[in-house]
Amino acid sequence: MTVEVDDDKKTLNVYQELTFNNQTNDTLNTIVLNDWNNAYSNSETPLGKRFSDEFVRSFHLATEKEKGSTNNLTIIDSNKSILNWSRPIENPDLVEVQLKNTIFPNQKVTFILSYVLKIPDDKYTNYGYNSNADSTLKNWLITPAKYENHNFLKYSNLNLDDVPNATFDADLKIIIPKEYKITSDLIAVSKEDNIYAFSDKKINDIPLYIEKKLTFSVYKNDTIEVLCNIKDGRVNEIYKAIIIEKIVNYVSDNLGRNRLKKITISQSDYDNNPFYGLNQLPRFISPFPDDFIYELKFLKTYLNNYLKNSIQLDSRKDNWVFDAIQVYYMMKYIDAFYPDAKMMGNIANYKLFKGYNLVSLDFNEQYSYFYMLMARKNLDQPLGNSKNTLIKFNEQIASKYRAGISFRYLDNYLGNSIVTSSIQQFYKKNQEKQVSKNDFESILKSNSNTEIDWFFNTIINSREIIDYKFSMVSKTKDSIKFSIKNKTNVTVPIPVYGLKKEEIVFKKWLYPNHADSVYVFQRKEADKIVLNYKNEVPEYNLRNNWKSFKGFLPTNRPIKFNFLKDLEDSYYNQILYVPTLTYNLYDGISPGIRLHNKTILDKPFNFEINPAYSTTTKTVSGFANFAVNQNNRNSKLFTIRYSLSGSFFHYAQEASYLKINPMAQLRIREANFRDNRKQLIIMRQVLVNREQSDFVTDVTNQNYSVFNIKYYNTKTEVTNHFNFSSDLQLSGKFGKISSEIEYRKLFENNRQINLRLYVGSFLYNKTYATDYFSFALDRPTDYLFDYNFYGRSESSGFFSQQFIMAEGGFKSKLNTPYANQWITTLNASYSIWNWIEAYGDIGVLKKKSQNAAFVYDSGIKLNLVPDYFELYFPVYSNNGWEIAQNNYNEKIRFVVTFNPKTLINLFTRKWF
């Protein structure tokens, strides 16, 4: 290859001679080339759609300068004939070349390629050009796709670092602007002015770093040269050299040496696959020393690059093997060099935090909890699934960590370092020929002294959960007799421990494949027996794993109070407490305390009780909620939540309400976990008991009960949002039904259109004397007390101007605010510039004994912080030119929200 870099245009002009060596037994009429740089050409490529699925707004709005593409591609064969090529519709970042002459087995054919690469901005994937005009290039070159099982692997770029390039030898000459320098893990051949020459063999990519100021430091030992620019905090060069030497030798000694003479470890590589955990806290509260964080960063990135450069697996379908080896050796590294390290680092040294399970856990235990976070949400996926099918949290974190702890689990069970030696044999075999996950499985089985099909069938290729408990335990002075209940009918080995004053007196591995198996062990003065004491098995629930021989109740757990949040502690009943502060006009500022049991991991049973003191009425207010969660592992109806909640606040001056709400929520998720479509069915009975108020006269029913069924069907991504919902309410006095359709479209010019259609009708109505239960045009009465109104009974003044998008959704206050028969409205808005939008609403509503009324309004919306702080300025409506009327400030509507869950969802939605 000869590559000329044009810094101004951010392009690479490439002339490439490609010699294709058909080492298969097949005769080829076409060849497939990977052109992953072209994935950045528009928002409709598989990469663009994945960005949209994961709410990466910046790529959809990218300018032509910020996008990447491959242009002017010409391919000539050895007969100097120009070859036809095409891009598959579903894979626009691949090139299918139609050959004029077939390529026979063991035949070599040379092609000439010329093309221009437009390099993308690096803000999407950390690869491309940055704000300093430096460039990091990865997967940029056009290369032959890997050929397996009589077919080329046709994988599009999905930002998963899994390009299926065939292994190749490379000779590269690259011409860069004179003010730049270049770094590569290819072997440097020569340099003349601004022309660099590199060469290497048996590689699968050519990462290049083109910089005005070199950021890479060079570290050498007897076996390999390391070029590294990972950000180092305050670690000095001498200590960095010691860390790198230590890790290089550790990997070489434990995994095996390879042919690599040179390797780059870049900040871009780390940023794409960081060490997720507490080391990402801001420096001023970071619980780990700078040198330890740097060591972890380098270890993780070095292992990743070392493996990807050494093992030629299918990185998309078999990526769990890479993940398992990487995390397994990271855990062994911590065991070897930092056996006393804690999950929360130095915070464990402070007495103030001693009572937190999160603080006392060993560092390596965090991997199990990150996996369990998803398992408890019923969102974990099989390790053997193709990488592109994993939701982001699994792909980046949970599945990686589950793979590593699974290897550790198997190694503890088999003993004799069988897993370690099998990895080394697999690694060595890869140096001789191409391997697959089946090769690793064969090696592991041949080295094992027992049957391990359960490991691949259950741990790797299924999402079955493991949960054992004791079903019968008895003791004598010298022996222990017990049986084990398998709660999920998933049979895998599990260890049982005997403890005496928290010291291990015995450990035995069991394989309880018979439900009625009874075990008898020597007691050895044990005062407690525990299943899976060291959390070696990725088990769903550890709270039912122990029996104590002391005290009256064998599983008695003392209560432990913790401030804010903690991890689940299997030996305690945890109650967490958090100060709260709420406000409404009638209760005033209400300080309180929230008591709950919601630890970081979801639980089958949750409760929260939040008493508060109303400073205005000088009484107690607050709410309580009790819920039971049922996860269905193999159903689209993946979660059912049964709950009973109650709340007591004031709805008007000196008038309180009590709401009791038994409810069942059914959550439906698509079989494809990456599908953003979600469905929810809510069934509830709302019972309301309200005090009489002298300040609210338009109410005839002080106490009432409403049966309510709601259905939601939502599909959301960054470019499109669609939501359909329907609502049925039945009571003795009325019955009503309504439906709502929302649609949002974001265009590439950063303009956005929002449409909402609302239709509602009474099935029967015996409440014509009041509009309390009527459909509302601009401000619902909220008789079910679902909305967070600050002054729900106000009809004038500042608090009456609060806006909540519900029912009619109008912003202007018109003379026909209610409908006691039916209503139809259409709400629309369109962005004019940044956070300024124009809105308009039209509708028809019908009251008994009156003609249907046509209503409309329009105005300007300031969308300052979506869903948090919004302002509506009416301009024209049925009232006329409102902007020119008196007391205009009283017509302005506002949205102000203090609910942190809404904000948190904006950051977490891309992960789940």
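This passage describes a nonpolar surface patch and a set of salt bridges in a predicted model.

On the surface of the model, a nonpolar patch is formed by Phe-722, Ile-741, Tyr-743, Leu-755, Leu-757, Val-759, Trp-822, Leu-826, Ile-842, Val-844 and Phe-854, which together present about 850 Å² of accessible area. Two or more residues of this patch are given by each of the strands β38 (734–746), β39 (752–765), β42 (822–833) and β43 (836–846), and the largest share, three residues, comes from β39. Leu-826, one of the residues of the patch, has its place in strand β42; its relative accessible area is 34%, and Leu-826 is therefore classed as partly exposed, a category that lies between the limits of 20% for buried and 50% for exposed residues.

Turning to charged side chains, the structure holds 47 salt bridges. Side chains of opposite charge can pair when their charged atoms come close. One such pair is Asp-380 with Arg-633, whose closest N and O atoms are 2.7 Å apart. Asp-380 is found in the loop between α8 (366–376) and α9 (392–414), whereas Arg-633 is found in the loop between β32 (619–631) and β33 (637–652), so the salt bridge ties together parts that are 253 residues apart in sequence. Both partners count as buried, Asp-380 at 1% relative accessibility and Arg-633 at 18%.

A salt bridge also joins the side chains of Asp-786 and Arg-684, with an N to O distance of 2.7 Å. Because Asp-786 lies in the loop between β40 (775–776) and β41 (818–819) and Arg-684 in strand β35 (residues 677–690), this pair ties together parts that are 102 residues apart in sequence. Here Asp-786 is partly exposed, at 32% relative accessibility, while Arg-684 is buried, with a relative accessible area of 6%.

The loop between β40 and β41 also contains Asp-778, and the partner of Asp-778, Arg-893, belongs to strand β47 (residues 893–896), so that parts 115 residues apart in sequence are tied together by the pair. In this salt bridge the closest N and O atoms of Asp-778 and Arg-893 are 3.6 Å apart. Asp-778 counts as buried at 8% relative accessibility, and Arg-893 likewise counts as buried, at 1%.

Beyond these pairs, salt bridges also link residues into a network, which is made up of Arg-50, Glu-54, Lys-392 and Arg-674.

Key
Residues are numbered from 1 along each chain as its sequence is written. This is a predicted model: local features need pLDDT of at least 70, side-chain atom pairs count only at pLDDT 80 or more; totals for chains, interfaces and linings use all residues. Side-chain values use heavy atoms; hydrogens and water are left out. Patches are made of residues with over 30% relative accessible area and no salt bridge: like charges are joined within 9 Å, nonpolar side chains (Val, Leu, Ile, Met, Phe, Trp, Tyr) within 5 Å. Accessible areas come from the Shrake-Rupley method with a 1.4 Å probe; for residues, only the protein chains shown count as cover. A salt bridge is a side-chain nitrogen of Lys or Arg within 4 Å of a carboxyl oxygen of Asp or Glu. Helices (H or I, at least four residues) and strands (E, at least two) are DSSP runs, numbered from the N terminus. Buried means under 20% relative accessible area, exposed over 50%, partly exposed in between (1.4 Å probe, protein chains only).
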